[in-house]
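Hi,

Here is the structure I promised to pass on. Have a look at it first, and my notes follow underneath.

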Amino acid sequence: MSIIYVCRKCKKSYSKTEYAQSKSCMSCGSFLLPTFNKKAPCLSNSPVEIQGVERAHKEEENVLFRVAEGLRERIERSKDYEIVSEKEHDTQKPPSVFESWIWRSEYDEALKFEKQMLKQYRDKTLEETFPGKVISNEQGECYEISSSCCSNFKNIVYEECRQILISDLKVLSGIGPVSEQLLKKQGYKTVEDLKCHSRLGKQAQNYIKLIDTKEVVSTQKWLWQRFPKSHPMLHYLAGFCQDHFAIIDIETLGLSERPIILLGVAKPTRDHICINQFLLRDIPDEPSAIWALIAQIDPKLSLITYNGKSFDVPYIKQRLAYYGIDAYVGNPNFDVLHFTRRALKPKLADCRLETVEKYLGIKRDINIPGALVPHFYDTYLRTKNVGPLVPIVEHNKQDLLTLGTLFSKLYEEWQ
Amino acid sequence: MIEEFIKRIKQSRSYKKQIVHIEKLPAHSVNFGELEKPLPESLQKVLLNRKIQLYSHQAQAINEARRGKNIVITTPTASGKTLSFNIPVLEALANHEKATALYIYPTKALSNDQLKVLKELEKESGIKADANIYDGDTPQHQRANIRENSRIILTNPYGLHQYLPWHYKWRVFLQNLRFIVIDEAHVYRGVFGSNVAMVIRRLLRICNRYHANPQIILSSATIANPEEHAKRLTGKNFTVISEDGSPRGKKAFVFWNPPLTNSTNNNNLRRSTHQETKDLLTYSVLQNLQTLCFTTSRQMAELITRWTKEELTKRSKPIDVVTAYRAGYLPQERRDIENRLKNKKLIGVVSTNALELGIDIGSLDSVIISGYPGTVISTWQQAGRAGRSNSESLVTLVAYQNPLDQYFMKHPIDFFGRPHEQAIIDLHNQYITLGHIMCAASELPINDEQDKQFFPELLSESIQALEQKKLVKKTPRGWVYSGTARTTEVVSLENIPGKTVTVLCNEKLLETLPLNKAYEEAHAGAVLLHQGETYLCESLDIDKLIAKVKQKNVDYYTETLKDVDVTISKIYKENDIGTKIGLGELSITEIYHTYLTKTHDEILKKTPLELPPLTFSTVGLWFIIPNKVKEEIESQGLDFYGGLHAVEHGMIAMSPIFAMCDRWDIGGLSTPLHPNTGEPTIFIYDGFEGGIGISETLHSKMKLLWEKTLELIENCECKEGCPSCIYSPKCGNENEPLDKKAASNILKELLKLCTTSE
């Protein structure tokens, strides 16, 4: 007994394959009705079993589990990034329409690499893999990895910074390029010279006072009023801080609303750079790891971040609020992404840190695209094999170092 | 004026006794109320300036709100509901300089409209609240400022769903939150309503974290169960305010049945509803009666506008006094129409139900309802648009040919005695609850004990399922979300947000529409109507989701025909309760195979369409009607298929009682022979991608559902079926064929089989 499809109007019949192609009668366009090709033989009480259809297994009989499974599937499908095939796109011009994306080849390579890591670290413990220790603080426990490197971190000195900050008269409101020219002709070379100016004097005095107190946050706010956030003046402002910096970078399970899994902080000194990374052995470690990072960033330190104004810092704040931990991150922040965009965007295809590194001639030994960090960590959680953590920790550390280098190198770009 | 108008219609040459009933709704005299204590001077000044004396329901609402009660106001359209909640809110904001209020509207259009109202109140009273909208349209750079400085924020449930995980940014606003106002609360029913109820609970849970305990004010159209609905929507207790104190002029409610045509071959055929509507609207405009005409589809809104303009042109009358209004128009276009309607520059507007909700367009002389909108709630909402306080108004319901509309034409009294529907919200739905508990876990860690107050149902079971799928993790601080995607992206409040097609005309954006609508209105060859203009669609790119159209004047329009296919893709359960019943994953395929080219309801040509089928997967139940039942029914000389179809409709009508859903949330299919089962089969399925839990419930109560359906059909006094039993307001086959007797016999046979098998 097989099923055929009969036209409602002209009674012409079609096979199942024909039906699948056209779904309607080829001569009159009417709907087709399913029917048997001979009179239905089974008139008994028990109808035929439904055949050719998969049956659910035991667990799926529980609705909640089925729904949870459906959610899990949707979560797996919904990625924060788009995988872009090089074949379909000009590699010089990345598809800026996607918020976050990686090349297909990078993706495939990373997955291969993950397998390799899993094999290589099959029997290794966390302590063997990452020299460090479990630390404990009032929010719980987490794992701290410490290291240090030679540093090529350079910052300008305060005197130079001060000179630059007072040489541009446009820092004062009401002064554009034309009036600046005019004032300079009149002999006002710096803002300092304007202190006694009848109209601008008061403003100039306030500005100089700010600069002399080395108040980063207030000066930053002042400059933001006058210049775009990417303006070199805002970078030169770093001269206020000598070497009181904390470079920070976090790795997370997504672009928002999910746990932070690794928080890294690097502090440059004269010739060294000390790195502390706080890793979650598992999700419950998160509050402690965040707390450990915050303990590292004394309010006197200025942060150096890459997109930290819109990503890292708000993310940390969101997680603190999530756990109801009362802490405040109000440090000045030098977001290098803004400066990089201004200086390097014309020269680079995009401003991802990986791309910038190529420009700076920095080579990474181990690397995975940042977008794949959640995937790698998820593999670690599932397998408890520390292999996939290796590239994450390395990636984070390298980001911190690159960020320090980039911060220093950008000074050259302004000249 | 109205009586004169009706008289003139009846005297006109073209009148063919279409008026089958006139219900005269009496005028309603004003009833003022007293406040228990005087308002602050700033607000008294506003009332004085506007020469407003508070109606009894307004005074009652304000009194109760000032006592700290949660209130739900259900007085009719245009009774001044808005003022009755704006006053206590503004008073609180005036008394406490940090106090804030959150207003939730179902649509962006409504927020925009109400923002104007609030701004005016702020200006007149001098109370500074800096009211602002915060939704998907709010530019990024303004957001922080609004969160930090606005004391009244207007948003919608979709936005709220997205913003909740960011509560820390809203800390100051939330800490000071005094009021949550939920306007048009009747919209939140069925599956959508159950989702919104969960969003509100998530909001209240976060408020609790910030030690805020806001008072809630609801306003709603008339529904059967306002108190219960308010409680289910928010989890709080409410005082109902329903006694309307506002004055109403007399209203005539006319039932208009298109006349039978004189065609010889089909003596039951009536003249087209759309043509009748067009004539009525034209006549109203000529008589300078400001009229709002509601249609059941976007296309008809456009067509009736176009035809009316043609009629006016024939009579050399200006045509810019008529326009269409519907979803899909750009906000500026809509704003403009609303304003021109308010200042009487427009005499006739043809709208979809987009204007049913409370957008302030003033009151009109007349409303034409072209086709029964499906619920009593909607009919009265639409009718409420007509009527000023002191003058008479007119409402005309123009019937469709379908049995449901025709039933009301035959039994008009039945309509006026009909209770408003209940608004149903399901708090036990496992699909909905689980998703929102996952969202809640990404907002604050979940604590089994403390969070029971917000999620009294299914909390620990849901957590268990989520943990097993590794979506939450136990930590000392509670359950923490540990998935790798944003929860609010995975969980949506309505059907999975479908794809949206962009319509371009000469590379410029004309409008946007959902993919399934594009299949109907923007396929290659389709005539797309926009603001009464015709656009010929040149291409529809399914991958890029772009339709390209050219403006072209044509005197025809198009309509698509589709076929719906249901196949079983996975079986969850199969039982034999005398006959086979099953539950499983179904694949629903809609095949748009043909489009018709029509002019004034006449088919000019049929063209085959080549579009990939639209498929969605859902959960549904099915049961088999054994062939011997079929033979039995047929031997009685009854229409077996008509019976099946009627059983399907009857069961869908009864489903809300068991599954706490809206009948619009369910779909059905009955077929005398289904390829999977090889037997006559009825399917009932969730109208939601992935299922939403309705079918599970119904499947577990199949016998009871049959019993109730039989009771419904048997107890109904109608002869051949009516809207109370087997007529469905959303039937794809125009309620045909239906056989009431066959339906009740099929159900009796099925129940007999159940009894024997026990």
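**What I found**

In chain B, the C-alpha centres of domain 3 and domain 5 lie 36 Å apart. Before you read on, keep in mind that this is a predicted model.

Those two are part of a longer list: the domain assignment splits chain B into domain 1 (2–24 + 248–417), domain 2 (41–241), domain 3 (430–490), domain 4 (500–554) and domain 5 (565–757). For chain A, the assignment gives domain 1 (3–34), domain 2 (107–154 + 243–413) and domain 3 (159–226). There, the C-alpha centres of domain 1 and domain 2 of chain A are 62 Å apart.

The element I spent time on is helix α22 of chain B, which covers residues 640–659. From first C-alpha to last, its 20 residues reach 27 Å, close to the 28 Å expected at 1.5 Å a residue. Still, α22(B) bends by about 35° at Ala653(B), with a proline, Pro656(B), following within four residues. As for its surroundings, 17 of the 20 residues of α22(B) are buried, so the helix is largely enclosed by the rest of the structure.

One partner is helix α25 of chain B (residues 740–757): the axes of α22(B) and α25(B) are 7 Å apart and meet at an angle of about 75°, so the two helices are roughly perpendicular to each other. On the α22(B) side, the contact residues include Gly642(B), Gly643(B), Ala646(B) and Gly650(B). Facing them from α25(B) are, among others, Ala742(B), Ala743(B), Ile746(B) and Leu747(B).

Cheers

Key
Residues are numbered from 1 along each chain as its sequence is written. Chains are lettered from A and ligands numbered from 1 in the order in which they are written. This is a predicted model: local features need pLDDT of at least 70, side-chain atom pairs count only at pLDDT 80 or more; totals for chains, interfaces and linings use all residues. The expected span of a helix is 1.5 Å times one less than its number of residues. The bend at a residue is the angle between axes fitted to the seven residues ending there and the seven starting there. A residue is buried if 20 or more other C-beta atoms lie within 10 Å of its own, exposed if 12 or fewer, and partly exposed in between; C-beta atoms are placed from the backbone. Domain bounds come from an automatic or database domain assignment. Axes are lines fitted to C-alpha atoms, for helices over the stretch in contact, and angles run from 0 to 180 degrees between N-to-C directions. Angles under 35 degrees count as roughly parallel, over 145 as roughly antiparallel, 65 to 115 as roughly perpendicular and the rest as oblique. Two residues are in contact if their C-beta atoms, placed from the backbone, lie within 7 Å.
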